Amino acid sequence: MSLRNVFNAYVSDMMSVNRSLPDIRCEGCRTKEYLVKLPTVSIVIPHHNEHFSVMFSALMRSVHSLISRSPPELKEIIIDD
């Protein structure tokens, strides 16, 4: 049995959907200035045969982070199985 991609469903279930994460970008990226008018964006999150917990915990954390941290130009989030 390979333990290369082990997933702890219990720990994932205990994590909050709304959590703050440190900004791990390099200094050059943190100070970069972006255009005021950005194009609309669609985000596609692919997944395949994920554990039940991933669908309702980890995936929802990702979606929540996208919605709460993205500018209004984010047009849609597509979750593809």
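Tyr10, Val11, Met14 and Met15 form a nonpolar surface patch in this predicted model, and their combined accessible area is about 420 Å². Met15 lies in the loop that links α1 (9-14) to α2 (27-30), and its relative accessible area of 36% makes it partly exposed. The protein has 81 residues, of which 15% are buried, and its secondary structure consists of three helices and two strands.

**Overall architecture**

- Along the sequence, the elements of the protein follow the order α-α-β-α-β.
- The accessible surface of the protein amounts to about 7,000 Å², and carbon and sulfur atoms account for 60% of that area.
- Of the contacts between residues at least 6 apart in sequence, 78% connect residues that are at least 24 apart.

**Confidence of the prediction**

- The mean pLDDT of the protein is 79, and 84% of the residues reach a score of at least 70.
- Confidence is highest in α2, at a mean of 90, and lowest in α1, at a mean of 74.
- Where pLDDT is low, the predicted coordinates should not be read in detail.

**The loop between α1 and α2**

- Leu21, like Met15, is placed in the loop between α1 and α2.
- Leu21 has a relative accessibility of 48% and is therefore classed as partly exposed.
- Leu21 and Ser65 are 44 residues apart along the chain, yet the distance between their C-alpha atoms is 9.7 Å.

**Cysteines**

- The model contains zero disulfides, the criterion being a pair of cysteine sulfur atoms within 2.5 Å.
- Cys26 takes part in no disulfide, because the nearest cysteine sulfur, that of Cys29, is 3.5 Å away and the cut-off is 2.5 Å.
- Cys29 is likewise in no disulfide, its nearest cysteine sulfur being that of Cys26, at 3.5 Å.
- Both side chains belong to partly exposed residues: the relative accessible area is 48% for Cys26 and 34% for Cys29.

**Salt bridges**

- The number of salt bridges in the model is two.
- One salt bridge joins Asp23 to Arg25, with 2.7 Å between the closest N and O atoms.
- Asp23 is partly exposed at a relative accessible area of 40%, and Arg25 is partly exposed at 39%.
- The other pairs the side chains of Arg30 and Glu27, with an N to O distance of 3.8 Å; this distance satisfies the criterion because a salt bridge requires the two atoms to be within 4 Å.
- Arg30 and Glu27 are both part of helix α2, where a spacing of three residues places them about one turn of the helix apart.
- Arg30 is partly exposed, its relative accessible area being 41%.

**Points to check in the structure**

- Which helix contains both Arg30 and Glu27? Both residues lie in α2, the element with the highest mean confidence, 90.
- How far is the sulfur of Cys29 from that of Cys26? The two sulfur atoms are 3.5 Å apart.
- Is Met15 buried, partly exposed or exposed? Met15 is partly exposed, because its relative accessible area of 36% falls between the limits of 20% for buried and 50% for exposed residues.

Terms used: Residues are numbered from 1 along each chain as its sequence is written. This is a predicted model: local features need pLDDT of at least 70, side-chain atom pairs count only at pLDDT 80 or more; totals for chains, interfaces and linings use all residues. Side-chain values use heavy atoms; hydrogens and water are left out. Patches are made of residues with over 30% relative accessible area and no salt bridge: like charges are joined within 9 Å, nonpolar side chains (Val, Leu, Ile, Met, Phe, Trp, Tyr) within 5 Å. Accessible areas come from the Shrake-Rupley method with a 1.4 Å probe; for residues, only the protein chains shown count as cover. Helices (H or I, at least four residues) and strands (E, at least two) are DSSP runs, numbered from the N terminus. Buried means under 20% relative accessible area, exposed over 50%, partly exposed in between (1.4 Å probe, protein chains only). Contact means heavy atoms within 4.5 Å. pLDDT is the predictor's confidence in each residue, from 0 to 100.
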